[in-house]
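Please open the model in your viewer and keep the selection panel at hand. The stops below go from the whole chain to a single side chain.

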Amino acid sequence: MQITITGQHLDLTDAIKNYVDGKIGRLGRYFDHVINAQVVLKHLPHEKLSNVADVTVNAPGHVFYAEVHDADMYAAIDLVADKLEAQVHSYKEKLQDRRNDHPAGLAAIVEVD
């Protein structure tokens, strides 16, 4: 998975980049076909919750998006990763439920006397 990290009004350090790679990279264990992720980290100096983590993850047939405002950038990254993880997990369960709509399959039709 390719992760693109952009900073607006914020200097991106190697520590933040590695932290984002680790947190957003966890999505690969839930969804194998994730194409890429765009992460935008912003600092808004005139707001109380001045740090924003904005993430868009592209997968075949679906786009996952989450945005979090927090006073601490690392906390914002944690929360946005948790939101995306919940979205991906919910999407995977929905796909599995659709596959298992007819668990008996043709066996129920064959059971005619």
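Helices (H or I, at least four residues) and strands (E, at least two) are taken here as DSSP runs, numbered from the N terminus. With the whole chain selected and coloured by these elements, the order from the N terminus reads β-α-β-β-β-α-α, that is, three helices and four strands.

This is a predicted model, in which local features need pLDDT of at least 70 and side-chain atom pairs count only at pLDDT 80 or more, while totals for chains, interfaces and linings use all residues. Residues are numbered from 1 along each chain as its sequence is written, and side-chain values use heavy atoms, with hydrogens and water left out.

Next, colour by pLDDT, the predictor's confidence in each residue, from 0 to 100. The chain averages 83; select strand S4 (residues 62-70) for the highest confidence, a mean of 93, and then helix H3 (residues 107-110) for the lowest, at 50.

Now select Asn51, which lies in strand S3 (residues 51-59). Is Asn51 buried or exposed? Asn51 counts as buried because its relative accessibility is 8%, where buried means under 20% relative accessible area, exposed over 50% and partly exposed in between (1.4 Å probe, protein chains only).

Add His43 to the selection: its side chain makes a polar contact with the side chain of Asn51 at 3.1 Å, such a contact being a pair of N or O atoms within 3.5 Å, where, within protein, one must be able to donate a hydrogen and the other to accept it, and residues adjacent in sequence count only if both atoms are side-chain atoms. Finally, show the backbone oxygen of Ala71, which lies 2.7 Å from a polar atom of the Asn51 side chain.
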